[in-house]
Amino acid sequence: MGRFELAGTAASSGADTVRDTIAGKIDQLRDAQRTGRLDPAWDPVDILALVNQIATTWAAQTEIGAVAAEHAADPSPAARRAAVVTAVERLFPRVTR
């Protein structure tokens, strides 16, 4: 969930910083919907939750990653990232006008 964006923040304000970061991402999604770059049919909170879960699949389920290393057509991290990007693009395509 964008933990890199939180590097260097004070531990005492960690929870507030995470909440602020999440709220900022939701605002960015709403802006993308308002400006016609993202389908407004989805609630931005749902978009963020779904994208987050898709993106963390490989880190959270290391056993799938281990099997993928042996059985995937392309076991590279770049291929896993490309799969995540493709999934998100298909779930939430750009709005075309």
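Here are three short exercises on this predicted model, each with a worked solution.

Ground rules: local features need pLDDT (the predictor's confidence in each residue, from 0 to 100) of at least 70, side-chain atom pairs count only at pLDDT 80 or more, and totals for chains, interfaces and linings use all residues. Numbering starts from 1 along each chain as its sequence is written, and side-chain values use heavy atoms, with hydrogens and water left out.

**Exercise 1. Work out the element order of the protein chain, and where confidence is lowest.**

Start by counting: there are 4 helices and 0 strands (DSSP runs, numbered from the N terminus: helices are H or I, at least four residues; strands are E, at least two). Read from the N terminus, that gives α-α-α-α. Now confidence: helix α3 (residues 62–71) is lowest at a mean of 89, while helix α1 (residues 14–34) is highest at 93. For the protein chain, mean pLDDT is 86.

**Exercise 2. Check the span of α1 against its 21 residues.**

The recipe is 1.5 Å times one less than the number of residues. That makes 30 Å expected for α1, and its end C-alpha atoms sit 30 Å apart, so the two agree. Just after α1, G36 has a positive phi of about 80 degrees.

**Exercise 3. Find which residues of α1 are buried, and what they pack against.**

Buried means under 20% relative accessible area, exposed over 50%, partly exposed in between (1.4 Å probe, protein chains only). In α1 that picks out G14, T17, V18, T21, K25, I26, L29, A32 and Q33. Their packing partner is α2 (44–60). Zooming out, 22% of the 97 residues in the protein chain are buried.

Terms used
Contact = heavy atoms within 4.5 Å.
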